[in-house]
Amino acid sequence: MSYSGRMQNSHYYTVFFAPRGRDRIYDLGMQLAQMYLSPYDKLIGIIGDSGSGKSMLIKGMFPGLELTNDDNGVNIRPLPLLDQADDGFFTAHTYHIDIRFELAFTQIHALSDAILNAVQNGKRVIVEHFDMIYPYMKVNANLLIGIGEEVIITRPTVFGPKPQEIYNIVSKSVKYRRMAHSAEDLCEFFLERPDLQRCRHGDVKHGFMLSFDGEHPKINLNDLETKVKEIIEQDLPISYVNEGNIMIGNTLHPCTGPRTHVASTGCIENFRLIKRLYYDPINNRYMLVGLVGTGADRGDDDSDINDITMGC
């Protein structure tokens, strides 16, 4: 049995909230690498829709790795994975490939053969959209990571889980993450400046949390909910500007997760605030919680926030 098998032979799957800001995703990536990545893992499968944060998570897990689908449009050509040297000191040890992106240039069978060839030569390959290539490779990853509203980490066996199973979960849940993120930013619009400057972001199931260290924030929850709902009714477009900003209508708004949003405010379903601020005496902070999604998905109170049965 391999080292990775001895260390994690009881690991079925683990679930984390999928952060929405860049720095938090980087931190989670580093944590996942420390906890779950083995030096013997050769094939890492990343699964999730566009804008779910796959590339940022990979950058956190593998600092310094050059991604071949660079968001700034500087793409590496020819694709290093397709141009592997047989030997030599400077041969790459770790390769990255985005299957959906590369299908515009290369046949899927060629991509499958290149991945298997690299793995058989002792290289590590990180594959985005692994669910798309799996039917052609017929070889599962050593480590599968799915990103939707949550990050799912699993070490598959011959019995699964299969990549499509992970995709079916994360592709359905990512809409809540996008809605929650957009609603979270709309709430920030109406915070008084001192509260906005000390505001921190957190996560709850199908929603978001804003926390404030120290004194009680000056927030009228009923007024805040009404103002956010008014912007939602206006159905203002939400668009990417750069890695630090989005546009909401005609207003520039700072955001470190600019790709993880709904297309317009009207896409936010059933936004509501829980009409109380939670106090955490251990950390001396107040917490505001907002929820999204239909009543069938969530209750209108705090009775089932982060209920572990909800993801089953």
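Q: Which residues in H6 are buried?
A: This is a predicted model, in which local features need pLDDT of at least 70 and side-chain atom pairs count only at pLDDT 80 or more, while totals for chains, interfaces and linings use all residues. Residues are numbered from 1 along each chain as its sequence is written, and side-chain values use heavy atoms, with hydrogens and water left out. Helices (H or I, at least four residues) and strands (E, at least two) are DSSP runs numbered from the N terminus. Buried means under 20% relative accessible area, exposed over 50% and partly exposed in between, with a 1.4 Å probe and protein chains only; in H6 the buried residues are Phe130, Asp131, Ile133, Tyr134 and Met137.

Q: Where around the axis of H6 do they lie?
A: The arc is that of the directions from the helix axis to the C-beta atoms. The buried residues of H6 cover an arc of only 160 degrees, which puts them on the same side of H6.

Q: At what angle do the axes of H5 and H6 cross?
A: Axes are lines fitted to C-alpha atoms, for helices over the stretch in contact (heavy atoms within 4.5 Å), and angles run from 0 to 180 degrees between N-to-C directions. The axes of H5 (residues 108-120) and H6 (residues 130-137) come within 9 Å. They cross at roughly 85 degrees.

Q: Is Cys255 buried or exposed?
A: The relative accessible area of Cys255 is 5%. Cys255 is therefore buried.
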